[in-house]
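Open the model in your viewer and keep the sequence panel visible. The tour below says what to select at each stop and what is found there.

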Amino acid sequence: MCGIVGYIGKKEKKEILLDGLSELEYRGYDSAGFAVIENKELKNFKAVGKIENLANKTTHYLSDGFGVSIGHTRWATHGKPTELNAHPHLGQYSFVVHNGIIENYQELKTKLQATGASFVSQTDTETIVHLFEYHNNKLANPFESFKATVAELDGAYATLLITKADSETIYFAKNGSPMLIGFDDNDIYFASSDTPIIGKATQVYYLEDGEYGYAKDGEVKLFDAKGEKSFHKQALSMDKASAQKDGFRFFMEKEIYEQSRVMSETMMGRVNDDSVDFEELNSYFLNGIDNIKICACGTSYHSALASSYLFERLSKIPCVVEIASEFRYKEPLLKKNTLFITISQSGETADTLEALKMAKRAGLKSLSICNVDNSSIVRESDRAILTRAGIEKGVASTKAFATQTMVLWMLSVYFAGINKTIPSEQIKTEIDAMIHVPRALLIPDGLHEQIHRLTKRYLHGHGFFFIGRDIFFPLALEGALKLKEISYLHAEGYPAGEMKHGPIALADSGLFTVALMPRSLHYDKIKSNVEELSARDANILAISPEPFKLADDFIQTSYDSHPMLEFFEMMVITQLFALEVSVRLGNDVDMPRNLAKSVTVE
Ligand code: G6P
């Protein structure tokens with residue numbers, strides 16, 4: 001959510017900033033801007049919409065002398081996506097960019113307005129620059145002024161500030177939103193994640209909450225509440241992991257197609273002939289654990305929900321799943337015999353991260369399942385298992401969901417092995433099924449075309465229900481979320497058996513039902529539920545190995561004996577379905593309106 005890039009040095013700054021912002025664009029893309037100070041001269045450019053609009057606006061600008069520069073791509077929190085609300089925000093002689101939310105901004109703004117500051121935007125961010133100048137006008141000391149500013153901010157932030165009052169320095173602060181500093185000889189880079197600086201910086205330092213400081217003359221001075229502190233840089237991979245579309249129309253499409261391959265990576269070295277092992281875990285770490293609590297948001301929450309069936313069924317461990325934003329404020333009872341698992345593709349989701357910090361404060365052992373190494377959630381957790389999906393750029397998550405679910409299934413079998421909760425033959429059956437997952441994720445000839453053709457009938461009507469039972473209920477939730485996110489059509493996921501308790505009142509010829517009807521799990525039960533809907537004239541798209549006479553549309557899947565193989569095969573179908581509806585509606589598949597890939601505000 002929002003992206004920040006900064007650079008001090010002699011290289012051409014516009015290119016570094018635009019390049020970096022493009023890497024972060026999928027995190028927020030309703031406006032963008034950058035500011036440069038070179039020879040004490042301030043330059044500032046902003047544009048509404050994507051980075052290419054900013055690039056078009058700045059074609060004639062070049063900055064190749066020594067200078068300081070900051071850039072930002074925005075996902076609006078306070079104020080509409082307009083140029084005035086785009087970052088960087090200008091005071092009288094300084095610029096600021098910021099990710100996160102300043103919770104006490106209204107109070108600070110009122111105070112600053114009383115001293116004569118005039119605000120032009122509706123953002124909370126603009127407060128930072130006015131507050132800084134308010135202090136600096138009195139102290140005439142930019143560092144002390146920045147320190148005083150940071151001390152007055154409440155909330156989550158990562159911020160960079162440049163000022164004519166000290167035109168060779170970038171001031172930075174981090175609390176609750178990610179920020180890192182990259183180094184290459186005398187050049188210093190800042191970014192809110194490492195992709196913008198890969199290939200540019202050779203070393204990196206990931207800032208911790210409460211740290212602030214400044215960069216000048218090729219050096220960084222770092223402080224926290226206790227004063228100046230030393231820090232250790234670590235090597236940064238030079239391998240540009242930046243995803244390319246590889247001939248696909250959209251990142252999301254490419255990511256759906258690569259699920260089969262990445263799943264083998266997820267399993268590599270972990271799934272053996274007759275056991276599942278994680279080098280990240282051991283029985284000592286799990287000693288004393290007799291229940292699991294999982295916190296996550298969005299798609300990650302759906303994978304958590306699917307896994308709760310597996311933890312109870314296979315590992316025989318009670319497992320409760322909670323949406324992180326709900327968990328945080330419910331005053332949860334946390335006991336030390338609980339393993340606290342967080343799931344996050346990005347590793348930066350603010351609500352999930354805060355839930356994790358709460359669990360740690362309560363003394364719980366923590367494990368994260370994440371796709372991004374060195375992310376805040378990975379660093380905060382006692383142990384982390386990486387999903388190895390590779391960078392996911394489509395805002396609608398696909399391969400991250402698949403690999404999270406896979407890791408959780410593997411984990412449930414790992415626990416089953418340690419606690420001997422199921423016979424070794426059953427463990428072997430699970431492992432045999434796991435090995436077949438890459439096959440279940442392959443997209444057979446003609447399937448994508450079939451889905452493309454049938455979606456033309458699903459562009460109108462008054463809404464969708466995705467229904468399923470057992471693990472296919474979370475898959476129904478995820479199928480509905482995918483469709484909502486990129487088609488902007490109303491879709492709900494529902495447990496099939498629950499439809500008769502209210503939602504069936506909506507059934508008529510304008511209602512679309514996508515029914516997940518696996519053969520290997522409760523087939524007769526879900527069949528009855530779908531028949532009840534069909535009797536009320538709802539349109540039925542049945543996804544099943546078993547031909548179903550009452551279906552208006554039917555997508556046939558394989559007769560797999562293991563429910564998880566059916567799960568993954570149906571997951572791909574729901575993903576392609578959402579993609580094709582979105583394409584037909586002319587939407588931006590990879591960067592759907594109002595969303596962001598990583599939500600670093602609560
Ligand atoms: C955002 C994204 C969703 C994602 C959710 C949780 O809302 O748009 O696709 O599922 O955040 O993200 P995480 O990175 O924690 O899995």
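## First stop: a loop with a cis bond

Select proline 88, which is found in the loop between S4 and strand S5 (89-90). Keep in mind that this is a predicted model. Now add histidine 87 to the selection and look at the bond joining the pair: the peptide bond from histidine 87 to proline 88 is cis, with omega near -5 degrees.

## Second stop: the cavity

Stay with His87, since this residue also belongs to the lining of the largest cavity. Rolling a probe the size of a water molecule over the atoms shows where empty space is left. The count comes to one cavity of 30 Å³ or more. About 80 Å³ of space lies in the largest cavity.

Which residues lie nearest the centre of the largest cavity? Select Arg74, Thr77, His87, Gly100 and Thr125; they are the nearest of the 13 residues in its lining. Next, colour strand S4 (67-74) and strand S6 (94-102), each of which supplies at least two lining residues. S6 gives the largest share, three residues. Colouring the lining by class shows two nonpolar, nine polar and two charged residues.

## Third stop: the ligand

Select the ligand and display the residues around it. There are 13 of them, and Ser300, Ser344, Gln345, Ser346 and Thr349 come nearest. Helix H9 (residues 298-315) provides the largest share of this shell, three residues. By class, the shell holds four nonpolar, seven polar and two charged residues.

Now check three distances, each ending on an oxygen atom of the ligand:

- From serine 344, use an N or O atom in the side chain; the distance is 2.6 Å.
- From glutamine 345, use a polar backbone atom; the distance is 2.7 Å.
- From valine 395, use a backbone N or O atom; the distance is 3.4 Å.

How much of the ligand's accessible area does the protein cover? On its own the ligand has 390 Å² of accessible area, and the protein covers 89% of that.

## Fourth stop: the pocket around the ligand

Turn on a pocket display, if your viewer has one. The space taken by the ligand is the second largest pocket, and about 630 Å³ of space lies in this pocket. Its lining has 32 residues; select Gly298, Thr299, Glu485, Ala596 and Val599, which are the closest to the pocket's centre.

Then colour four elements: H9, strand S18 (338-344), helix H11 (350-361) and helix H17 (472-487). Each supplies at least two residues of the lining of this pocket. Which element gives the largest share of the lining of the second largest pocket? That is H17, with four residues, whereas the largest share of the shell around the ligand comes from H9. By class, the pocket lining has 14 nonpolar, 12 polar and six charged residues.

## Last stop: an unusual backbone angle

Finish at asparagine 374, in the loop between strand S19 (365-370) and helix H12 (376-380). Show its backbone and read off phi: asparagine 374 has a positive phi of about 65 degrees, although it is not a glycine.

Note on methods
Residues numbered from 1 in each chain as written. Predicted model: local features only at pLDDT ≥ 70, side-chain atom pairs only at ≥ 80, totals over all residues. Heavy atoms only, no water. Near = heavy atom within 4 Å. Polar contact = N/O pair within 3.5 Å; in protein donor to acceptor, adjacent residues only side chain to side chain. Areas by Shrake-Rupley, 256 points an atom, 1.4 Å probe, with all protein chains shown as cover. 1 Å grid on protein atoms, 1.4 Å probe; cavity = no way out; pocket = protein on both sides within 12 Å on 5 of 7 lines; lining within 4 Å. Sits in = over half its atoms within 2 Å of the grid points. Nonpolar A, V, L, I, M, F, W, Y, C, P; charged D, E, K, R; others polar. Points joined across faces, edges and corners; volume = space filled by probe spheres on them.
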